[in-house]
Amino acid sequence: MNVEKIIDIVCQGKNDEKVEDFLKFLSDKLWNQYKEHLMDNILVAENKVKSLAFSIPNAKEGKEYSQTVNVPDENMVLVEVSGISEEMHGLTITVAEDGHSFTISGLPTLEPLRNGGTATAESTFELTLCYKYKGIFLPEDRPVLERKIPFVINQDPRKLWKNLPVDWENMPEPLYQNEDVQCEYVKVEALDDGAPQKDIVAASKRGRSHAQEAKPRDDHFKMAHLENGWYIMAVADGAGSAPFSREGSRIACETAVDYCKEQLLDSKKFEEEIDTYDQFKEDSESEARKMVGDYIYKIVGTAAFRAQKAIYAEAAAHNQPTKIYATTLLLTICKKFSYGWFVASFWVGDGAICLYDKEMHTVKLLGVPDEGEFAGQTRFLTMPEIFKDATALYQRLRFYIVPDFTALFLMTDGVSDPKFETDANLNNPDKWDALWNDLKENGVDLSDDNEAAKEQLLKWLDFWSPGNHDDRTIAILY
């Protein structure tokens, strides 16, 4: 049967106009049915694709990222993937030539999305996968199908912290205005024979938790080197809960160091007792130790006591309770003798004082972290019981003679907590090795006469440690 015969049967002798109308009707009906057929097939394909699992690891802001994502269905052919860009997110998307995978790569960032210095609350983005499905014809008005999948860029937690200036104008009186940072370098010239002498570097930085709330730095330090060879160092950590502790820590350091300087300018008799102690410590250690101990009590102990009284006087002058000036105090004096280094200390509160010897792989703590009756409770210089009697004070004093050392460290708990984690670790030489290497590897050049070390140390104090965002202060004699 030929085509003409078929047309005759279908048309049944109708006129051309009616036949044309019929064929148009038939064509429209069949095309509509075909479109419904296509839509059914598209729906089947979309449901299959919706059930596919795309596992894409989260990216981390500031950390290089490269991940290839394979399409789990070989009938699904990618045309394009969008939703993130290099300009806004630091990432590019590349679709493989065969359309069976795509790769996300680059250095993730959320910086363009931040507002006012804080991270955007949204770090989950929607990727749009445009694809075709083998065996399915798509209508002209819908050339590709789409599947949405989430993609997460974990925010850099450091970006979440605000760095708000202290609102000094609205601070309660007295203002006790200070700077957010403090750094200093004490360069000690070489001896006449060219032998280098140890220098001191110190830095203090307002903690992120303080900057977040526009609060001032509560830590302080002071250090000095006398012409007769004595080194004096003090570090103090004002209590975060005490509104005027920043002044308490400043008074403590300034008063203690100034008093030690005054006493050590004429230290002949003291040094004679140190010589005697070194000569006879093996034969009559207790008697020789007592003579030196009396001087330590008179110089270092009295320096700390005067610091406490100076804080009391400041509080009384402004009719304020002493406790709102609460502060810790770490204080050391030391000098090099022909037989070694003499080092003495006073320690109240947390933080750490340590003699570190890298070559010998040894550490010597010059006291213990000073906590109260309950865990997490710190004792402060301002507490009356610190100097209630001579015995209580003697327990806070230490002195040693050591052949040499790599560094004498004084630090507040803003440094010791993240770097050592537990009090027990303060006695672990490996931990101090790690700290020494950390300083070196992160740009702190502790070489002789390097005055740039003060800025390097200040920059180092910005290290990241989750959960540790207090003020940070460290002083190093090296």
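## What counts as a strand pair

Two strands are called a pair here if DSSP finds at least two bridges between them. Keep that in mind for strand 8 and strand 9 (residues 200–205), which run antiparallel and are joined by six bridges. Inside that pairing, Gln182 sits opposite Ser204 of strand 9. One caveat up front: this is a predicted model.

## How the chain is split

The protein divides into domain 1 (3–42), domain 2 (52–159) and domain 3 (168–477). Going by C-alpha atoms, the centres of domain 1 and domain 3 are 97 Å apart.

## The six-stranded sheet

Strand 8 and strand 9 belong to an open sheet of six strands, ordered 8-9-18-17-14-15 with antiparallel pairing. Strand 8 (181–186) and strand 15 (362–365) take the edges; each has a single partner strand, so one side of each has no neighbour in the sheet. On average, and ignoring direction, neighbouring strands here are turned by 15 degrees against each other.

Two helices lie across strands of this sheet. Helix 10 (residues 429–441) covers strand 14 (352–357), strand 15, strand 17 (407–411) and strand 18 (472–477), and runs at about 90 degrees to strand 17. Helix 11 (residues 453–460) lies across strand 8, strand 9 and strand 18, running at about 35 degrees to strand 9.

## The four-stranded sheet

There's also an open sheet of four strands, in the order 1-7-6-3, and its pairing is mixed. Strand 1 (59–60) and strand 3 (76–82) are at the edges with a single partner strand each, so one side of each is left without a neighbour in the sheet.

Strand 1 runs parallel to strand 7 (residues 145–154), and two bridges join them. For Lys60, the bridge partner in strand 7 is Asn154.

## The largest pocket

Now for the empty space. The largest pocket holds about 410 Å³. Its lining is made up of 21 residues, and the ones nearest the centre are Asn163, Lys205, Arg208, Ala211 and Asp462. By residue class, the lining splits into 13 charged, four polar and four nonpolar.

Where does the largest pocket lie relative to domain 2 and domain 3? Domain 2 (52–159) and domain 3 (168–477) both contribute residues to the lining, so the pocket lies between them.

Note on methods
Residues numbered from 1 in each chain as written. Predicted model: local features only at pLDDT ≥ 70, side-chain atom pairs only at ≥ 80, totals over all residues. Heavy atoms only, no water. 1 Å grid on protein atoms, 1.4 Å probe; cavity = no way out; pocket = protein on both sides within 12 Å on 5 of 7 lines; lining within 4 Å. Points joined across faces, edges and corners; volume = space filled by probe spheres on them. Nonpolar A, V, L, I, M, F, W, Y, C, P; charged D, E, K, R; others polar. Domains from an automatic or database assignment. Axes fitted to C-alpha atoms, helices over the stretch in contact; angles between N-to-C directions. Contact = heavy atoms within 4.5 Å.
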